[in-house]
Amino acid sequence: MGKVLFSRVARVCKSDAGGSQRVLDGHWSSFVKARLNCSVGGEAPGDAPFYFNELQGVSEVLHIGGRELVLGVFTTPLNSIHGSAVCAFDMEDVASTFQGRYSEQRGPDGPWLAVPEARTPPP
């Protein structure tokens, strides 16, 4: 079926200089990411959504109706039904995504589970 691609948005602290020379050298230590969901359908019970996973381009932050929005142009993979969509993302919603608990997969195909508070790194 091919490789599945997911578009994501990430957050990194401005002052993040990366890890020490011995640990995480050259890697951001405050990096977090979230999936950008551009889809249609899935509103009714049993109705599966159709995803546009491949981000092709993104706008600057636009001020529309008192909200800060970013528009993204998405497509489907080459081995799928061909389609494209434009989705809008509210920057307030994007910011709130990073306020929740961290999640992790314990195996390559495992479900995403919340990381226990004791293992959550401080900001």
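Does C87 count as buried or exposed? At 15% relative accessibility, C87 counts as buried, because the cut-off for buried is under 20% relative accessible area. Welcome to this structure, which is a predicted model. The protein chain contains one helix and ten strands, and C87 is a good place to start, since this cysteine belongs to strand β8.

**The chain as a whole**

- Reading along the sequence, you meet the elements in the order β-β-β-β-β-β-β-β-α-β-β.
- The C-alpha atoms of the protein chain occupy a box of roughly 45 × 40 × 30 Å along the principal axes.
- The radius of gyration of the protein chain is 17 Å, while a compact globule of 123 residues would come in near 14 Å.
- Of the 123 residues in the protein chain, 20% are buried.
- Among contacts with a separation of 6 or more, 28% come from residues 24 or more positions apart.

**How strands β5 to β8 pair**

- Strand β7 spans residues 67-75 and strand β5 spans residues 54-58; the two run antiparallel and are joined by four bridges.
- Within that pairing, G57 has V73 of β7 as its bridge partner.
- Strand β6, made of residues 62-64, pairs with β7 in the antiparallel sense over three bridges.
- Here L62 is the residue opposite L69 in β7.
- Two residues separate β6 from β7 in a hairpin, and G65 in the turn shows a positive phi of about 60°.
- Seven bridges link β7 with strand β8 (residues 84-90), again in the antiparallel sense.
- One of the facing pairs is L71 in β7 with A88 in β8.

**The nonpolar core**

- In soluble globular proteins, nonpolar side chains tend to be buried together.
- The largest nonpolar core in this model has eleven residues: V32, A34, L36, C38, F52, F74, A85, C87, F89, V94 and F98.
- Two elements, β2 (32-35) and β8, give two or more residues to this core.
- Strand β8 is the one that gives the most, with three residues.
- A34, a member of this core, is in contact with S7, R8, V9, T97 and F98 once its neighbours within four places in sequence are left aside.

**The cysteines**

- A search of the whole structure turns up one disulfide.
- C38 and C87 are the partners, with an S to S distance of 2.0 Å.
- The link between C38 and C87 is right-handed, with 75° about the S-S bond.
- C38 sits in the loop between β2 and β3 (39-40) and C87 in strand β8, so the pair ties together parts that are 49 residues apart in sequence.
- C38 counts as buried, at 1% relative accessibility.
- Another cysteine, C13, counts as partly exposed because its relative accessibility is 43%.

**A buried asparagine, N53**

- You can find N53 in the loop between β4 (50-51) and β5.
- With 10% relative accessibility, N53 counts as buried.
- The side chains of N53 and R35 are joined by a polar contact of 2.9 Å.
- Not counting residues up to four places away in sequence, N53 touches L5, F6, S7, R35, F74 and T75.
- F74, one of the residues that N53 touches, also belongs to the largest nonpolar core.

Terms used:
Residues are numbered from 1 along each chain as its sequence is written. This is a predicted model: local features need pLDDT of at least 70, side-chain atom pairs count only at pLDDT 80 or more; totals for chains, interfaces and linings use all residues. Side-chain values use heavy atoms; hydrogens and water are left out. Two strands pair if DSSP finds at least two bridges between them. A nonpolar core is a set of buried Ala, Val, Leu, Ile, Met, Phe, Trp, Tyr and Cys residues joined through side-chain atoms within 4.5 Å. Buried means under 20% relative accessible area, exposed over 50%, partly exposed in between (1.4 Å probe, protein chains only). Contact means heavy atoms within 4.5 Å. A disulfide is a pair of cysteine sulfur atoms within 2.5 Å. A polar contact is a pair of N or O atoms within 3.5 Å; within protein, one must be able to donate a hydrogen and the other to accept it, and residues adjacent in sequence count only if both atoms are side-chain atoms. The radius of gyration is taken over C-alpha atoms; the globule rule is 2.2 Å times the number of residues to the power 0.38.
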